[in-house]
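Here are my notes for a colleague opening this structure for the first time. Please read them with the model on screen.

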Amino acid sequence: MRRHNRLGVAGFAAVAATVLAAGCSSSSSSSTPAAPTSAAAGTSAPASAGTGGQGAQSVTNYLTYTGGKSGPADKSLPPVYIGFVNQQGGPTAVGLLATAGAQMAVNYANAELGGVGGHPIQLVTCFIASAEEEGTTCAQKFLANKKVNVINLGGVAVGVQSFYSTLHGAIPVIDGVAATPIDTTQKNAVILFGDATHILPPFGTYAKDVLHAKTAALVYPSDNAGIAIGAAAIKQGLQAAGVTVKSVGYSESTTDLTSVLTAAGAQTADMVIPYSDTAGCVNLAKSLKTLGITDPKKIVSAPLCLNGQVISGLGDWPHWTYAIASSLFGDPSDPGMPPYEAVAKKYSTPANAPDPWNIVNFGQMLTTIKVMNEVGYANLSPSAILAKATAFTGPQALGAPSLACGKYSSAPAVCNDRIQLFEYTGGVTKGRPGWVKMSGWIQPPS
């Protein structure tokens, strides 16, 4: 079986996907959900656990959101080109279905939203399989095509450094969930759903304001670079909230993790955070059960465990609480989910629709189309698109209710630092996954 490394921002879905963190989880393309809701801008306090998504702010009309024209794009007009990069075709894929989500949005926009200003949209794709130099190749491809004024990024952890270095700021990049810290420092990038360093510290806010936790146990595979970055961000957020945290790293090859959890004080901690890739999720769930730690409200994780491989190993997803930076597929309280499900039914497949990367990249592409419509076909240029994208304050379709691009001076590309949390109550194997929203959108501790 091929193992597909996957973020969870967008990860997050992110994030996302969902909290789709930083080039980390491993899963198959049959993976499933991630999640959203709303909190007041500029506050670290959680919103009440009422209506999901963004409540009254939820994006429910994609025609209005994108500023498009009802009906199909005019095929007699010259196309509008959007570059798209994803990591796929090699031994690992950070977000395998990111491409499917982007293409779903393009197909839908061309058929029903009038493309961009009536012009049909065409994706110019470039895929990175496994080598750093492939990032250079993709950047060169787009630089050579003067009709490409903007690039969308899927889940890309390999080749990012060379990609941005070669691009040299000449074309803006709109990202959903950033897979590496390199993405966040780019002045020509806009990351709509966030990155691990900024959407995982809200774990501290949740611990303090919702769980009223004083202590936390954090365990993670320390030899997985992407996971380690995310674990450090979680620890930082917990400490900033005044929570005493004991973090213990372990080797990914370790299967019995009872001693690791014990070393972290999981049996007595107010909050337990099993943060791992897919294989680790199965091992951690089994070890937690062995230790008698089963309270789903106490066990909080990112949505990296919500996929088919975990079901194969456990028979179900772990009954834990999950943090995520995008809408949750099937969330009955999210007004923004039915419109997505309706579009997915026409332009996607049942297997793809729940995937966090499909959700994140669909929403990301809709925002790209929105930006291009606002600039206007006659005025499309890299500089005009970047200016309009960085000025976008939300709400993001299937994402956070409010964005603040440039909020962090050390990470100017990051536009979102919010997540929401859901408790999983079972039922996914019967096609009826149960979710209880534990908090609205929350931000890092002040």
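1. Start with strand 3 (residues 80–87) and strand 5 (residues 148–153). They pair in the parallel sense, over four bridges. One point to find by eye is F84, whose bridge partner in strand 5 is N152. Keep in mind that this is a predicted model.

2. Now widen the view to the sheet. It is open, has five strands and follows the order 4-3-5-6-7, with parallel pairing. Strand 4 (121–128) and strand 7 (189–195) stand at the edges. Each has a single partner strand, so one side of each is left without a neighbour in the sheet. From one strand to the next, the twist averages 20°.

3. Which strands does helix 4 lie across? They are strand 3, strand 5, strand 6 (173–178) and strand 7. Against strand 5, helix 4 runs at about 165°.

4. Helix 4 (residues 160–167) also packs with helix 3 (residues 133–144). Their axes are 6 Å apart, at an angle of about 30°. The two helices are therefore roughly parallel to each other, as angles under 35 degrees count as such. Helix 3 passes helix 4 in a right-handed crossing.

5. Look at the residues in that contact. Helix 3 brings E133, G135, T136, C138, A139, Q140, F142 and L143. Helix 4 meets them with S162, F163, T166 and L167. By class, the contact of helix 3 with helix 4 has six nonpolar, five polar and one charged residues.

6. Move on to strand 8 (residues 215–221) and strand 9 (residues 244–250). These run parallel and are joined by seven bridges. In one of the pairings, A216 has V245 in strand 9 as its bridge partner. The chain goes from strand 8 through helix 8 (residues 225–240) to strand 9. This β-α-β crossover is right-handed.

7. Last, check helix 2 (residues 98–112) against helix 12 (residues 337–347). The axes come within 10 Å and cross at roughly 90°. That makes helix 2 roughly perpendicular to helix 12.

8. Which residues of helix 2 meet helix 12? They are M104, N107, Y108, A111 and E112. On the helix 12 side are Y340, V343, A344, K346 and Y347. The residues of this contact divide into seven nonpolar, one polar and two charged.

Terms used: Residues numbered from 1 in each chain as written. Predicted model: local features only at pLDDT ≥ 70, side-chain atom pairs only at ≥ 80, totals over all residues. Heavy atoms only, no water. Axes fitted to C-alpha atoms, helices over the stretch in contact; angles between N-to-C directions. Parallel < 35°, antiparallel > 145°, perpendicular 65-115°, else oblique. Left-handed = near helix turned anticlockwise from the far one by under 90°. Contact = heavy atoms within 4.5 Å. Nonpolar A, V, L, I, M, F, W, Y, C, P; charged D, E, K, R; others polar. Pairing = 2+ DSSP bridges. Right-handed = clockwise from strand over helix to strand, strands pointing away.
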